[in-house]
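Hello,

Here is the structure I promised to send over. Have a look at it first, and then read on for what I found.

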Amino acid sequence: MGTKVRRPSHAGSWYTDNPKQLSEELEGWLQSCGLTKSSDVRGVIAPHAGYSYSGRAAAYAFGNIDPSNITRVFLLGPSHHYYTPKCALTTATVYKTPIGDLPIDLEVTEELKATGKFELMDIRVDEAEHSMEMHLPYLAKVFEGHQVKIVPILVGAVSAENEAMYGQILAKYVDDSNNFFSISSDFCHWGSRFNYMHYDKKHGPIYKSIEALDKMGMDIIETGDPDSFKQYLLEYDNTICGRHPISVFLHMLRNCSTKIKIKFLRYEQSSQCKSNRDSSVSYASAAAKTDDSSSS
């Protein structure tokens, strides 16, 4: 099989395409968040906006990764432009970034394809989507000098029962400690341009209300319960664009044998909304760690 490349189509616009500059920028953010790398960290939830907006926040997720035992990264991101009620696998064999290439794990991709539950995404769909691409430079940076392959999964507008189904299919991979999971999501998109203006005045200014709403969602995600998260989304309709990847991940954790707990480490907003004319996007970063405290 020949090489089929997914180009870094957002390099030069959403983040710099200058390798030296990109490497230094990521290095700087990873250093400044001052996190200790831990082999207990098995997954992250991290934002996917342009790096000038969410690059610093994302470091609080990627800065936890100890690359030494990880050989494979499952990358789950939402679909922004392409509609599918399923999850889709890449047809590329390598994902390029300005600071190094990430080869696709063709074996696992084939294994998933064989379940008959996944569709394949056209390379044009793949390159148009930014949700997974924005994680790639960070992964390339963190795994510099380590052999790692990736399994990109585009998560479509998946129904609740299919979120559970995909979670069950993927759960077995969580029990292999060589596997890592990178879940891509921004949090509340607030303002008329996003068609979402939930405001609970008891919290004070709008941005405080947004924070309270996001924190409620983050607390529920930390419980690891996909049903409560679904309930929260039904009730508040918070515009968390990676709701489906997060839900699939929660179902994976529910169905695997390893006890893993999610903890949010950073929360930021692109700007502080004070009036109805304002808009903002929230960014939250979390680490998912093996939890030994609960095993008796």
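Let me begin with a small sheet: three strands form an open sheet in the order β1-β5-β6, and their pairing is mixed. The edges are taken by β1 (5-6) and β6 (102-103); each has a single partner strand, so one side of each is left without a neighbour in the sheet. Between β5 (residues 94-95) and β6 the pairing is antiparallel, over two bridges. If you want a place to look, find V94, which stands opposite P103 in β6. As a reminder, strands of a sheet pair through backbone hydrogen bonds, either parallel or antiparallel.

Please keep in mind that this is a predicted model.

Now for the whole chain. The protein chain holds nine helices and 12 strands. Its radius of gyration is 18 Å, close to the 19 Å that the globule rule gives for 296 residues, so the chain is as compact as a globular protein of that length. Along the principal axes, the C-alpha atoms fill a box of roughly 60 × 45 × 40 Å.

On the inside, 55% of the 296 residues count as buried. Contacts reach far along the sequence too: of those between residues at least 6 apart, 81% join residues at least 24 apart.

As for the outside, the accessible surface is about 12,800 Å², and carbon and sulfur atoms account for 47% of that. The chain carries 31 positive and 36 negative side chains, with the centres of the two sets 3 Å apart.

Best wishes

Terms used: Residues numbered from 1 in each chain as written. Predicted model: local features only at pLDDT ≥ 70, side-chain atom pairs only at ≥ 80, totals over all residues. Heavy atoms only, no water. Helix = DSSP H or I, 4+ residues; strand = E, 2+ residues; numbered from the N terminus. Rg over C-alpha atoms; globule rule 2.2 N^0.38 Å. Buried < 20%, exposed > 50% of the residue type's maximum accessible area, 1.4 Å probe, protein only. Contact = heavy atoms within 4.5 Å. Areas by Shrake-Rupley, 256 points an atom, 1.4 Å probe, with all protein chains shown as cover. Lys, Arg positive; Asp, Glu negative; His and termini not counted. Charge placed at Lys NZ, Arg CZ, Asp CG, Glu CD. Pairing = 2+ DSSP bridges.
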